[in-house]
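Student: I have a structure open and would like to go through it. Can we start with charged pairs and then turn to empty space?

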Amino acid sequence: MLSAIMRRGRAPADNSDVLAMFRLQYSGERATQPLADDASLTKEQKWQLLFDRNWQSLAPSSQTKWLVYLRKWQQKWIDDHPEQPEGYLVFPSSKVSAFLSHILADCTASSSKDPHGAVKSARKALRHLRACQAGIPDDGAKFPSQPYIAGVTSRAKTATAEARQCEEADPSCSASTLSNEEYASLLDAAMRFPDKQVGLCVAAMVSCGLAAGFRSDDLQDTRYFMELICSVPAEPLPMQILALASNAGKANQDAQMTYAALANHRQPHLDCLAYLAQLMLYQINVSKLPLLALIYQNNMSWRSYRMFFRDPSMATSKQTYYDLSTMLMKVAATMPDTLVKTKVMHLMRCSGTVSLAAAACSMDVLRVWGRWARSEGVVGKSYLPKSPLSALPATGVLAGFGNDFMTNHAFGRGTVAVPVEWIDSLVPHARVILQAVRLRNRTRTGKADFSGQHCVESTLYLAETFWQSSPFMLQRYGLGWWALQLPTVCFIVGSSSFRQFEQQVMNAELEWNARPLSPQMSEAFDKISKQVCSLSKQIAHLQLSVNGMMQPVHSQTAANLSMPTASSSNTQARAATSPRIELEAQVGLSSGLSSVHEAVDEWFTGLHGFPAPPLLCEQAIQRGQRLSKKASDNLSRRRHLPLRIQALATDRCWPLKKALAVYELVMQRHSLSLAELRDAVRLSSPVRHPDAKGGKPAQSQHVNRSPGLPLISISQFAAWVQQATDDIASMSISW
């Protein structure tokens, strides 16, 4: 079960009794001078300035969280001293220490995973309360550093470390992140959840939160401010960016309009826009959210509708942490495998950050994507957050296209046109509303509502995305797919035109996933490869020429005496070592590969300016060089997959890219990484030395996988390859 750091309580609607504690004044021993009127400000004005700074200026989420601890402080004093209920002064420090120890004991008893976080929040709440209470003596040390308080904080840190190392917590490095398998399993559990509003909300919340790096307070107030941007000229398909706008959140205290970018994922079952489309269309068609009608009526109340809510009656209110975390934990409890994490609502942001770091994104991109760039001054605080394209490299990586997304943006379902009448059946009159809003904005006949125009445009695009992903939803969830309860969807899905559309989408997805590069890029790549090979030969020829010219003046005399000179020794050393250093660097090869066609291109033509590995080996032999064991093993691991694909193409008289599509299909169907696919092909290779000693027979070995993932036997992998081969052979696609 997904574990929360701490269950957050709800404060009563009337907090006047708690806020009254800010007006208390200490008059005991060592009391300081109370606030007094002067020529500039009255004592009431002085107190109001303190109150504004220490309470009114806080973010609503901070006020809500700290009110819980202030009320506990109030209740604790009443329980311990019922005869003196007015003693809510945050003094002396021993009194504060006793209260923090009480909070720590409660967290330990409730098996909280973060007692230190609770103690720290309580301490911050009391510090702000103390700043407004006049007359309290100054103890010299800062409030958190006072001995009694620092002692409780130290014990809380120890308790947190012990709680996170207990048997119930995940001891691995993924305790606060989702793996790809966990992410897909959580989305499946959400789509199958009986309460469709909750399930679809969690699926969209998790996928969008991971792609955009949303915090909990971002998700609590995410509204239907959407804007579609179609100006990213990626190849071979343009990248459609959907921007979610917000003027709230912990990192946006100035209430500026900031944007987060979302894009279609390469894999259909991980596409955040597909899940966002499911949620929006459910809310419009089933929950009857009057979003489009209000935009048409020029009624600005549509802007108050949130995307993520537990019940339609709460759609116009900001959600609480408890509202969203409860939905997420309910869905996680239905997963086949128990999911135990140290994070709940921060899980998506942590997962996205780790995914970007693993893809070698720069720290600059990470800071802009996660909205950590405020420390960079005006640029990071005001300019970059206002453009959803500021963190475009992060958007491309999290959409599954890697760092080279500008030249590798291809997914088949995006190339298949959706009939206009299908889109209109999901959002009736949306095109009429769009024309009316555009006309109103252009002629200024009413109050301009460009946000409403962008929202309707985005709604039409999400409806198109809905249909493009529908074959995969049917394949994955069958009759349990919620959209089949809509009569229009049920009628279209049962038609012959949809069966043709479904086949087109499936074929296009297989074709585009197997396509190495666009024709223009292939031609340019071949030209670059030839230039690199020619340049390598020229460099080798120049090295031999330079080595021959660097003989010493008396080399002939030294040769007659059979005594090498110092210069000739240095020359021989350079001739023997520099090519090897060059080869060792080149055989490092491109370690960031993620697809089968990249692995094939790397072996036969080379990648990123490096010659093909067989050419490197041939050059080494010609120069009398021997590669290190590490480089030799590297070459050995990489050769099996491209050679197996080449053998399959030869045996069946197929084009190379058709044989390549077989292994792309296996990789996609069974969620294998490229390293796992290479390992499986290597272990199942029929070319094994008959006298090889040690190890297990090939058919009894298993593919090396990450801890926690199910093992894959070689016989199981062979069955997958055979099934994929049969499927590709039966497809009527011009390869």
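**Salt bridges and cavities**

Tutor: D679 and R682 form a salt bridge, with their closest N and O atoms 2.5 Å apart. A salt bridge here is a side-chain nitrogen of Lys or Arg within 4 Å of a carboxyl oxygen of Asp or Glu. This is a predicted model, where local features need pLDDT of at least 70 and side-chain atom pairs count only at pLDDT 80 or more, while totals for chains, interfaces and linings use all residues. Residues are numbered from 1 along each chain as its sequence is written, and side-chain values use heavy atoms, with hydrogens and water left out.

Student: Where do D679 and R682 sit along helix α29?

Tutor: They are 3 residues apart in helix α29 (residues 674–683), so about one helical turn separates them. Helices (H or I, at least four residues) and strands (E, at least two) are DSSP runs, numbered from the N terminus.

Student: Is D679 buried or exposed?

Tutor: D679 is buried, with a relative accessible area of 10%. R682 is partly exposed, at 27%. Buried means under 20% relative accessible area, exposed over 50%, and partly exposed in between, using a 1.4 Å probe and protein chains only.

Student: Which residues are joined into one network by salt bridges that share partners?

Tutor: D221, R223 and R306. Within it, the side chains of D221 and R223 meet at 3.5 Å, N to O. D221 is buried, at 7% relative accessibility.

Student: How many salt bridges does the structure hold?

Tutor: It holds 18. One of them pairs D17 with R71 at 3.3 Å, N to O. That pair links distant parts of the chain, 54 residues apart: D17 is in helix α1 (residues 16–19) and R71 in helix α3 (residues 60–80). D17 is partly exposed, at 34% relative accessibility.

Student: OK, empty space now. How many cavities of 30 Å³ or more are there?

Tutor: There are 5. On a 1 Å grid over the protein atoms alone, a cavity is a set of points where a 1.4 Å probe fits but cannot get out, and lining residues have an atom within 4 Å of a point. Grid points are joined across faces, edges and corners, and a volume is the space filled by probe spheres set on the points.

Student: What lines the second largest cavity?

Tutor: It has 17 lining residues, with Y259, V368, W369, R371 and A391 nearest its centre. The elements giving two or more residues to this lining are β3 (258–263) and α14 (363–369). The space inside is about 160 Å³.

Methods: 1 Å grid on protein atoms, 1.4 Å probe; cavity = no way out; pocket = protein on both sides within 12 Å on 5 of 7 lines; lining within 4 Å.
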